[in-house]
Each structure stands twice: as C-alpha cells, then as structure tokens.
Amino acid sequence: MGNSGLKQHYETAKKTGVLNLSQRKLDEFPPNIRVLAPLLRTLDFSENKFTKLPNDVGDFTLLKHLNISQNKISSLPDALGNLAKLETLNASSNHITTLPSTLSKLAHLKQVNLSDNQISEFPLMFCNLKHLDVLDLSRNKLSAIPHGVSSLCVAELNLNQNQISTMSDQLADCPKLKTLRLEENCLQINAIPVKILKDSKISVLILEGNLFEMKQFVELEGYEQYMERYTAVKKKMF
C-alpha cells in the first residue's frame, strides 16, 4: 500500500486519534506515521507482516490501545515501556519468545493478550500492576508458574494450552484472582496446591485436559472450600 493509500487514514487519525492499519500487508512502520506520535490514542497494526516493532513505537506516549496481533513479531522492544498511558496490549498470534522487563512500567495496563506465541517463561514483569485485570497467556510454551506470582493483581489468568507441570502455591496469595484457566496442560493431580483450594479467592478453576481424572480433583483436600466459593459466585450470576 503506497503513501497515497495511507494519506486518508492519516487525515482521519489526526481528527480522531485512532489509526487502523489492519490487513495492509505492511512489513515495517510506515515512515510518515511518526508525525502522528503526539496525537494517537489507538493504533491497530493487526494482521500484517511485521517481524519486529521499531523503538520508535515508544514515541507514541499518548497511546491507550495497541493491537499488533497476527503478525510475525518475535520480540518486543524495550521502548514499549515508555507508553505510560497504555491500557490494552494485544500481541496475540505472533512468534514472541521473550518480553522486555520494561513492561513493568506500564502502570495503567488493564488487559494484556499474549496468547498463541512462543513464550516459555512466566512474565513476572506484570506483577504489581494494580489495574491489570486480565492476562491471557494461553497457547504458549510455559512449563511452570513460578514463585513470585503472589503480587499479580489480575482477576482472570488464562494459561490454557501450555505445558505447565508445576505451579507455585503463591497463586493463592494473588489479591484479586478469581478465574484461573489451566485447561490442556501437563499437571498431575499432586501438582494442584491445596492452598489454592482452601485459602484463595479463586472461584473458577478450569482444569480439564490435564494428566488426571476430574474425579481425582473432587477428592482433593480443600475441594469443599473451593466449591463454596464457586457456588456463591454462580448464585450471584442468577
């Protein structure tokens, strides 16, 4: 798509603060986009052919919403940490293997979608982000939920379709965690911490497709306490 084809999008973006360049077969930052850095609040580069994001993305300091899903990006630049106002980050369906520690500076993040990537280590840089409500890490290559997760502030954590075989009982200490999705992982029944069942706020725990029968889960110590929370939440819904 030539510069003339982008011109109308730029003019609209100057008025609205929204630039949608989804499905444009782009493989790099259009050079003229930099003039919009002081204006944009929403930037959508989804479904293109990017293999990386330039550090220039850090100049878009007013951004609240960034969508770079369905590209071929293997890593994210440290400069993303400059987007102090960012509330939603969608980088799903890429080739991302590691994440920059600078993401820990994004204090206004509410939702992060990193599903369908190649991430193998749990991203502890998202801990202590007080406004982060949903973190989606499904369909990655995680093998463990490590110690250090107790300060993760999300209400929902999606870890479906990973390779998780061990999980820290510190998940029980997460202050707001209500929904924990762990479908289709590599968990044995003895890897489920009793503390999560007895002493957490988790009221929806999805475990189908692991290396045990669900009837074994029902027999775990603490199951009754978990079911009390689960039932209370269901009653509120109806």
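# Pairs, strands and lone cysteines

Reader: Is Arg 181 buried, exposed or partly exposed, going by its relative accessible area?

Author: Keep in mind that we're looking at a predicted model. Arg 181 has a relative accessible area of 26%. Buried means under 20% and exposed means over 50%, so at 26% Arg 181 counts as partly exposed.

Reader: Which residue does Arg 181 form a salt bridge with?

Author: Side chains of opposite charge can pair when their charged atoms come close. For Arg 181, the closest N and O atoms of the salt bridge are 2.9 Å apart, inside the 4 Å limit. The partner is Glu 156.

Reader: How many residues apart in sequence are the parts that this pair ties together?

Author: Arg 181 sits in strand 10 (residues 179–181), while Glu 156 sits in strand 8 (residues 156–158). Glu 156 is partly exposed as well, with a relative accessible area of 24%. Since the two residues lie in those two strands, the pair ties together parts whose separation in sequence is 25 residues.

Reader: What is the order of the strands in the open sheet?

Author: The open sheet has nine strands, and the pairing is parallel. On average, neighbouring strands are turned by 5° against each other, direction ignored. Reading across the sheet, the order is 1-2-3-4-5-6-8-10-11.

Reader: Which strands stand at the edges of that sheet?

Author: Look for strands with a single partner strand, because one side of each is then left without a neighbour in the sheet. In the order 1-2-3-4-5-6-8-10-11, look at the two ends. The edge strands are strand 1 and strand 11 (204–206).

Reader: Which residue in strand 4 stands opposite Asn 67?

Author: Strand 3 and strand 4 (residues 88–90) run parallel, and three bridges join them. Across from Asn 67, in strand 4, you'll find Asn 90.

Reader: How many salt bridges does a search of the whole structure find?

Author: You've already met one of them, Arg 181 with Glu 156. Another is Glu 87 with Lys 110, at 3.8 Å between the closest N and O atoms. Searching the whole structure, the number found is six.

Reader: Why does the salt bridge of Arg 34 and Asp 56 tie together separate parts, and how many residues apart are they?

Author: The two side chains meet at 2.3 Å, N to O. Arg 34 is in the loop between strand 1 and strand 2, and Asp 56 is in the loop between strand 2 and strand 3, so the pair ties together two parts of the sequence. Arg 34 is partly exposed at 34% relative accessibility, and Asp 56 is partly exposed at 24%. The parts are apart in sequence by 22 residues.

Reader: In the pair of Glu 87 and Lys 110, which residue is buried?

Author: Glu 87 is in the loop between strand 3 and strand 4, and Lys 110 is in the loop between strand 4 and strand 5 (111–113). Lys 110 has 40% relative accessibility and counts as partly exposed. The other partner has 18%, and buried means under 20%. That makes the buried residue Glu 87.

Reader: Is the aromatic pair of Phe 29 and Phe 60 stacked or edge-to-face?

Author: A whole-structure search finds seven aromatic pairs. In the Phe 29 and Phe 60 pair, the rings are 6.0 Å centre to centre, with 90° between the planes. Planes over 60 degrees apart count as edge-to-face, so this pair is edge-to-face.

Reader: Which residues form one aromatic cluster?

Author: Phe 29 and Phe 60 are both buried, and this pair links parts of the chain 31 residues apart. They belong to a cluster that also includes Phe 45 and Phe 50. Altogether, the cluster is Phe 29, Phe 45, Phe 50 and Phe 60.

Reader: How many disulfides does the search find?

Author: Cys 127 is buried at 7% relative accessibility, and the nearest cysteine sulfur, in Cys 174, is 7.2 Å away. The sulfur of Cys 153 is 7.9 Å from the closest one, in Cys 127, which is too far for a bond. A disulfide needs sulfur atoms within 2.5 Å. The number found is zero.

Reader: Which backbone nitrogen does the side chain of Asn 162 reach?

Author: Asn 162 is in the loop between strand 8 and strand 9 (166–167), and Asn 162 is buried at 6%. Its side chain reaches the backbone oxygen of Asn 160 at 3.4 Å. At 3.0 Å, the side chain of Asn 162 also reaches the backbone nitrogen of Leu 142.

Key: Residues numbered from 1 in each chain as written. Predicted model: local features only at pLDDT ≥ 70, side-chain atom pairs only at ≥ 80, totals over all residues. Heavy atoms only, no water. Phe/Tyr/Trp six-rings, centres within 6.5 Å; stacked < 30°, edge-to-face > 60°. Helix = DSSP H or I, 4+ residues; strand = E, 2+ residues; numbered from the N terminus. Buried < 20%, exposed > 50% of the residue type's maximum accessible area, 1.4 Å probe, protein only. Pairing = 2+ DSSP bridges. Axes fitted to C-alpha atoms, helices over the stretch in contact; angles between N-to-C directions. Polar contact = N/O pair within 3.5 Å; in protein donor to acceptor, adjacent residues only side chain to side chain.
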